[in-house]
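Here is a quick walk through one structure, going from a single pair of residues out to whole chains. Have a look at it first, then read on.

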Amino acid sequence: MDLSVFVQLLLPGLTTGCVYALVALGFVLCANVSGVVNFAQGEYVMLGGVIGASLLAQGMPLAAAIAGATAAGALLGALQERLTLAPVRAAPDFIQITITLGVAVVLRGVALIAFGKDPLSMPGFSGDGVFEVAGAVLPVQSLWVWGASAALLAAVFLFLMHSDAGRAVRACAINRQAARLMGVDAERLTLLVFALAGASAALAGVVVTPIVLANWDAGIAYGLKGFVGAILGNFRSPVVALAGGLGIGVLESFAAGYVSSGYKDAIVYGVLLAYLLARGGVFVFGRAALLSR
Amino acid sequence: MKRRVAIGAFLVLALAYPLVLRGSYPLGIGIITGALAAGTVGFVLLLGYAHQLALGQAGFCMVGGYASAILCVQHKWDPLLALVVGAVAAMLLAWAIAGPILKLRGFVLAMASLALHLILVVVALEASFTGGALGTYGLPKFALLGVPLSSDLAYYYVVWTIVLAFVVIGLAIDGSRIGRALKAIAASETAALSAGIDIRRYKVQMFVLSAGMASVCGSLAVHYLRAMDPNVFGFAFSLNFITAVIVGGLETVWGGVVGAALVTGLRELLRGLSLPLWEGVIMGALTVLVLIAFRRGFVGFLAALYDRMAGGEAPARVLVSEPDTAALAPRGKPAELVLAGVSRAFGNLRAVSNVGFSVAAGSITALIGPNGAGKTTLFNLVCGYEPLDAGSVSYDGQRIEQRLPNQIAALGIGRTFQNLQLFGNLSVLDNVMCGRHRFVEREAANRERARAALAFVGLRNAEALAPGALAFGHQRLVEMARALALEPRLLLLDEPASGLNDAETERLAELVLRIAALGVTVLLVEHDMRLVMGLADHLVVMHHGEKLADGAPDDVRREPAVIDAYLGIEEHAAA
């Protein structure tokens with residue numbers, strides 16, 4: 001195998017994988033605190049991208065555009081939780097999940113109306129240059145993606161391990177009912193986590209836009225691929241979810257490079273489907289009462 | 001009556017529409033609505049009745065669309081034959097993946113079915129036999145028995161005849177035990193299993209049926225569009241299915257038809273207003289709004305309106321009737337249950353460890369022990385909800401530890417749950433009729449038996465109510481009636497007295513005695529020692545997952561180990 005080709009596929013795979021990993025993390029956090037797997041998770045990546053790109057195009061400074069997109073993600077995440085999930089907390093899972101699907105559709109639609117059908121682009125944060133690693137040529141923006149993702153992950157882990165709210169999130173992950181009985185304010189925590197997941201997804205969306213463009217209908221793919229990561233960790237382990245997200249990015253890149261770029265999505269989804277089918281029935285998450293066989 | 005009104009309205013509207021609104025544009029809308037309705041009628045049964053969130057229905061539309069396009073254009077097949085072949089192919093595909101895919105729930109099922117659809121889209125784009133991104137053009141007009149339908153009006157009536165046929169199929173399922181079973185699955189899979197309902201089987205059946213109908217939807221649509229490409233049935237089309245069924249109404253087959261009309265009408269309205277881009281926002285917002293504010297959807301709204309205008313009967317005031325012991329005839333032989341070496345661990349926790357005892361035929365045996373002793377786990381092991389790590393369970397000499405919960409129920413083992421498990425979306429009578437599921441009889445016969453079970457527990461007047469409208473103690477009785485409707489030879493009661501007041505507990509004791517007198521072996525888990533001592537002729541004591549003692553109540557209560565572990569503490573606490 002040609003090493004430079006391998007690296008040329010591996011590193012871009014890791015770049016998109018960072019986005020999937022952040023989406024996966026958002027899935028895990030929201031699911032553990034609220035009991036709802038948020039179908040709209042991938043849409044926040046898309047929104048971050050289109051909002052950031054258009055703010056920049058309107059003449060805003062880069063830093064302001066990034067901050068604006070991230071804040072929009074946080075705000076929309078919080079709004080989604082307050083407006084559509086808080087009123088139906090006691091409703092069956094089926095209702096809550098389907099509502100998040102409806103919200104995803106609304107977010108896509110809003111993006112289509114507000115930002116149009118054409119993909120939006122954004123210049124690299126420090127120019128559109130490239131650099132070379134082991135014979136592979138990468139856009140400099142990749143460094144921004146890796147750096148921003150690493151910083152975000154570090155922040156999330158610091159939050160989880162060293163703050164009261166973070167400890168409460170972890171307690172919910174172990175046993176939501178017990179955490180509530182111990183005085184965890186689940187309402188406030190749910191709002192916080194949705195805002196956090198929205199913000200981190202949106203930030204990921206902005207930093208990756210100079211490489212992949214931002215498009216109103218990209219949310220499903222982000223959601224579905226991030227979902228793979230989340231499910232590998234059984235919606236429990238943030239670390240496995242991250243690794244899974246990165247792995248999907250790499251798999252996708254290899255599939256495009258070594259098999260066929262046309263079929264790369266089919267391969268990734270095929271792997272997802274095969275994995276789900278093989279492990280069918282053993283997933284324990286959400287409020288679904290699960291039988292063990 | 002309501003059904004006749006609905007069918008009448010459907011026929012009048014479908015027949016009159018193209019005669020009143022003339023012109024090719026309204027006719028086209030009528031055809032597209034019909035094509036969509038053909039798919040959504042099947043989808044109601046899957047999404048609306050059984051609450052299975054499948055997000056890849058458009059994938060099955062693609063199968064039908066491509067079957068019609070490829071077979072009719074490239075191979076000059078008869079369109080009707082191509083439509084049927086497409087539907088069969090879609091159903092085979094659905095059947096092939098249904099087993100594993102439907103084990104997945106909620107969000108996972110949605111993702112898996114979406115992934116399947118997106119794979120089909122990629123294949124359609126990349127493969128050559130589909131015509132790739134350009135698709136396949138020049139489909140002939142639809143033909144019946146080799147005679148092409150020259151006018152769109154004729155095609156309109158063909159499409160709606162197919163819709164009518166699908167509605168009739170849907171209504172037949174709705175009115176049968178399968179329709180009830182699907183709604184039971186939506187409310188509580190655990191309880192559905194305990195009523196002997198094979199949840200896997202019905203989910204697969206509805207998945208396959210809805211796939212076939214979605215494929216027909218695809219075929220009908222492409223014969224009108226005269227072209228098929230990978231974008232015709234994209235993600236947005238799956239969303240149309242979901243929006244149609246939710247906004248139209250999840251509870252009845254009509255919801256699919258009305259929803260298809262609403263979705264198509266709304267889209268055309270937006271196009272007319274030059275706001276086509278708003279389609280997604282409005283459809284999504286409508287879906288969310290209906291789910292939050294009015295879950296019964298448009299048809300549910302109409303049904304409520306009809307009920308109000310028809311004036312409906314006021315529910316009987318007195319809900320409790322005198323229990324009617326004669327309502328149920330004594331059955332054959334009660335069954336015997338023998339457990340040997342039963343063990344089950346969760347990680348390091350040995351929830352049940354090497355437990356063995358017999359429940360004599362015709363006895364009332366009580367299983368007691370402190371919280372966390374493993375009593376409910378043992379129930380779940382006997383009823384097949386948990387796999388055994390080791391040991392055996394014999395029911396009248398027949399080994400049952402490898403069987404599934406619904407198979408065990410179908411053998412005549414009824415159970416109730418510590419946390420009440422009723423089907424909130426079904427009436428009290430329908431809840432009890434679910435217990436009749438294993439008896440494939442005429443509905444009228446099953447209804448009579450279910451009424452008898454209700455009379456037996458003393459709830460004769462409550463049958464039309466929703467279970468949520470009853471007091472807690474009466475809800476417990478509904479659950480008992482459902483278990484009795486199964487005609488069990490062994491009945492397992494998990495803390496039947498919890499949450500009951502003294503008077504209710506007394507009536508419960510009497511009920512248990514009357515059940516035993518029918519020829520039913522009773523095994524109950526209970527904390528109320530007065531109840532246990534008064535009822536049981538045999539006691540089994542569990543502690544830390546192990547059996548501590550086993551014998552006649554008066555012997556067991558004198559055993560020092562039992563007093564230490566359980567009874568002593570209890571009696572001190574009571575003193």
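Let's begin small: B:Leu337 has B:Tyr395 as its bridge partner in β8(B). Keep in mind throughout that this is a predicted model.

That pair belongs to a strand pairing in chain B. Strand β5 (residues 337-346) of chain B runs antiparallel to strand β8 (residues 390-395) of chain B, and 5 bridges join them. Zoom out a little and you get an open sheet of 4 strands, in the order β6-β5-β8-β9 (chain B), with antiparallel pairing. Which strands stand at the edges? They are β6 (349-359) and β9 (398-399) of chain B; each has a single partner strand, so one side of each is left without a neighbour in the sheet.

Next, the domains. Chain B is divided into domain 1 (49-233), domain 2 (236-312) and domain 3, the last made of two stretches, 326-412 + 488-574. Between domain 1 and domain 3 of chain B, the C-alpha centres lie 47 Å apart. The two do touch, though: 7 residues of domain 1 of chain B are in contact with 5 residues of domain 3 of chain B. On the domain 1 side of that contact in chain B, the residues divide into 3 nonpolar, 3 polar and 1 charged.

Then there is the contact between the chains, which takes 51 residues from chain A and 49 residues from chain B. Here are the two interfaces in one table.

| Interface | Buried area | Share on carbon and sulfur | Salt bridges | Residue pairs in polar contact (both at pLDDT 80 or more) |
|---|---|---|---|---|
| chain A and chain B | about 4,300 Å² | 82% | 0 salt bridges | 0 residue pairs |
| domain 1 of chain B and domain 3 of chain B | about 440 Å² | 64% | 0 salt bridges | 2 residue pairs |

So what does chain A bring to its contact with chain B? The elements that give two or more residues to that side are α3 (62-85), α4 (93-115), α9 (219-232) and α11 (264-279) of chain A. The largest share comes from α4(A), with 15 residues. By class, this side of chain A has 36 nonpolar, 11 polar and 4 charged residues. Alongside that mix, the count between chain A and chain B is 0 salt bridges, and carbon and sulfur atoms give 82% of the buried area.

Key. Residues numbered from 1 in each chain as written. Chains lettered and ligands numbered in written order. Predicted model: local features only at pLDDT ≥ 70, side-chain atom pairs only at ≥ 80, totals over all residues. Heavy atoms only, no water. Contact = heavy atoms within 4.5 Å. Buried area = accessible area lost by both parts, 1.4 Å probe. Salt bridge = Lys/Arg side-chain N within 4 Å of Asp/Glu carboxyl O. Polar contact = N/O pair within 3.5 Å; in protein donor to acceptor, adjacent residues only side chain to side chain. Nonpolar A, V, L, I, M, F, W, Y, C, P; charged D, E, K, R; others polar. Domains from an automatic or database assignment. Pairing = 2+ DSSP bridges.
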